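Subject: Structure for you to look at, with notes

Dear colleague,

I am passing on the structure we spoke about, and my notes follow directly after it. Please read them with the coordinates open, since they go through the model residue by residue.

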Amino acid sequence: MIDLSHESLLLGFGAMILIGAWLPLLLKKLPLSLPIICLGLGALLSLTPWLRTNPEALSHNRLLEQLNEAVVLIALMGAGLRLDRKFGWRRWGSTWRLLLLVMPLTMLPIFAVAHYALGLSVAAALLLAGALAPTDPVLAADVQTGPPASGEDGETRFALTSEAGLNDGLAFPFILLALAIQTHDIDWGHWLLVDFLGDLAIGSAIGIAVGWVAGYLMFRLPSWKLSDTGDGLIGVGVTLFVYGFTTLIHGNGFVAVFVAALTIRSTRPDDEFHGAMAEFSGQIERLLLVIVMLTLGWAIGRGLLASLTWAGALLSAAIILVFRPLATLIGFIGSTAKLPSKHLIGFFGIRGIGTLFYLQYALNRADFAENAHIWAIAGTTVLGSILIHGVSSTPLMAKADALRQKPHH
């Protein structure tokens, strides 16, 4: 591996910032996405004499784990701030269906095929199912809601945004369960009451509390309100604070961040400062996304998918094209959502950076004999999702938006 100079690192970092800022403008009307371009550039990078490390280093790299964690967290804050629809059981009906019905119905066939057909251990199959079930809050940006206070974006965009905001938190306990099974440290009562229900309750409570305090400081303080600064960096500060605080007391940090964002937004829903925070969070998210996608493209070029079998490839295709869409149709039986919306919600179950984080989190803490196979299947699924959804999101969502705005007689 060639050592990169300080100047080379500055050059590369500057180029990534420019790519992240410029490419979205060029790709607005093209059936391509920023992740697709960055994956391609990363694959080209793998052909150069730089960074000749074995791609398996991805699964044992704490820095990459923390990078993916940061991208997901910032995306969760942005998603919560962008939702214009008030929180409520009935108003969020599509969200609850996606979380409580569709996600488990997606996990079950992934686990069954991985364990019984591909021969992965129970722990490895559960890890794969937990990592590949949630819709990614980062890569799903093109199919999510617009800026805060931009108006109702329709059921499809709302459902995909709210689902992506919460399903990472619901999937994480299953990653912990896979780790407990792999390390022979399983206590089902502890997992259910503490790792699952307890962590969710703590995360929700802290998200509400910190979000309320932050909302007060931003919008209701008699003088020196934080919103008067106009500094969108404050949103990132709240994200890191609430996540760090929640995880220190063993709560679910992903849920805490999203709930905090919703609570802040509800304090003064129409204030322009929400837009400033969401915009700045989006800029940071885009920069980190470029780094992650370049790294993934490089790893794929260096052989990350070399262990992929035909059975694994079929499982990856089924996750994208069969399991998630079918689970959505089942989960939305009796829903008032229109059929085209159900199909789009099912189709755009995008897999991405959250999956990479879950795998790195687990594989940094336990040894899995199926390491290479797990990465090959998950990497193929993420790659397939980026390509299929990246090419189709712009035209399909444009058509859906046009139909929604078309006057009905």
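A salt bridge is taken here to be a side-chain nitrogen of Lys or Arg within 4 Å of a carboxyl oxygen of Asp or Glu. Please keep in mind throughout that this is a predicted model.

On that definition the structure holds five salt bridges, and Arg62, Glu65 and Arg365 are linked in a network of them. Within this network, the side chains of glutamate 65 and arginine 62 meet at 3.9 Å, N to O. Both residues belong to helix α3 (residues 62-82), and because they are three residues apart in it, about one helical turn separates them. In general, an α-helix has 3.6 residues a turn, so residues three or four places apart point the same way. The two partners differ in their surroundings, since glutamate 65 is buried, with a relative accessible area of 4%, whereas arginine 62, at 40%, counts as partly exposed.

Two further salt bridges connect distant parts of the chain. In one of them, the side chains of aspartate 84 and arginine 265 meet at 2.7 Å, N to O; aspartate 84 is in the loop between α3 and α4 (93-117), arginine 265 is in helix α9 (residues 253-267), and the two are 181 residues apart. Aspartate 84 is partly exposed at 28% relative accessibility, while arginine 265 is buried at 5%. In the other, glutamate 163 pairs with arginine 324 at 2.6 Å, N to O, and this pair links helix α6 (residues 155-182), which holds glutamate 163, to helix α11 (residues 310-331), which holds arginine 324, across 161 residues. Here glutamate 163 is buried at 2% relative accessibility, and arginine 324 is buried with a relative accessible area of 2%.

Which buried residue has no salt bridge, with glutamate 163 as the nearest side chain of opposite charge? That residue is arginine 351, and the distance to glutamate 163 is 5.9 Å, whereas a salt bridge requires the atoms to be within 4 Å. Arginine 351 sits in the loop between α12 (339-347) and α13 (353-363). A polar atom of the arginine 351 side chain lies 2.6 Å from the backbone oxygen of leucine 132, and one lies 2.5 Å from the backbone oxygen of alanine 133. Leaving aside neighbours within four places in sequence, the contacts of arginine 351 include Pro134, Thr135, Asp136 and also Arg324.

Helix α11 also holds threonine 328, which is buried at 0% relative accessibility. Not counting residues up to four places away in sequence, threonine 328 touches Val102, Lys342, Ile345 and Gly346.

As for the interior, the largest nonpolar core has 122 residues, of which Leu127, Leu128, Met218, Met293 and Phe368 touch the most other members. The helix that gives the most to this core is α10 (residues 273-301), with 14 residues. Leucine 127 touches, beyond four places away in sequence, residues including Ile175, Tyr358, Phe368 and Ile374.

Two helices were checked for length. Helix α2 (residues 34-45) has 12 residues and should span 16 Å at 1.5 Å a residue, and its end C-alpha atoms are indeed 16 Å apart; its buried residues are Leu34, Pro35, Ile36, Cys38, Leu39 and Gly42. Helix α8 (residues 233-248), with 16 residues, should span 22 Å, and the 23 Å between its end C-alpha atoms agrees with this. Among the buried residues of α8 are Ile234, Val238, Val242 and Tyr243, and what covers its buried residues includes α3, α7 (188-220), α9 and α10.

Lastly, there are two histidines whose backbone deserves a look. Most residues other than glycine have a negative phi. Histidine 250, which follows α8 and lies in the loop between α8 and α9, nevertheless has a positive phi of about 65°, and at 61% relative accessibility it counts as exposed. Histidine 184 likewise has a positive phi, of about 55°; its place is in the loop between α6 and α7, and it is exposed at 73% relative accessibility.

With best wishes

Notes. Residues are numbered from 1 along each chain as its sequence is written. This is a predicted model: local features need pLDDT of at least 70, side-chain atom pairs count only at pLDDT 80 or more; totals for chains, interfaces and linings use all residues. Side-chain values use heavy atoms; hydrogens and water are left out. Helices (H or I, at least four residues) and strands (E, at least two) are DSSP runs, numbered from the N terminus. Buried means under 20% relative accessible area, exposed over 50%, partly exposed in between (1.4 Å probe, protein chains only). Lys and Arg count as positive and Asp and Glu as negative; His and the chain ends are not counted. A polar contact is a pair of N or O atoms within 3.5 Å; within protein, one must be able to donate a hydrogen and the other to accept it, and residues adjacent in sequence count only if both atoms are side-chain atoms. Contact means heavy atoms within 4.5 Å. The expected span of a helix is 1.5 Å times one less than its number of residues. A nonpolar core is a set of buried Ala, Val, Leu, Ile, Met, Phe, Trp, Tyr and Cys residues joined through side-chain atoms within 4.5 Å.
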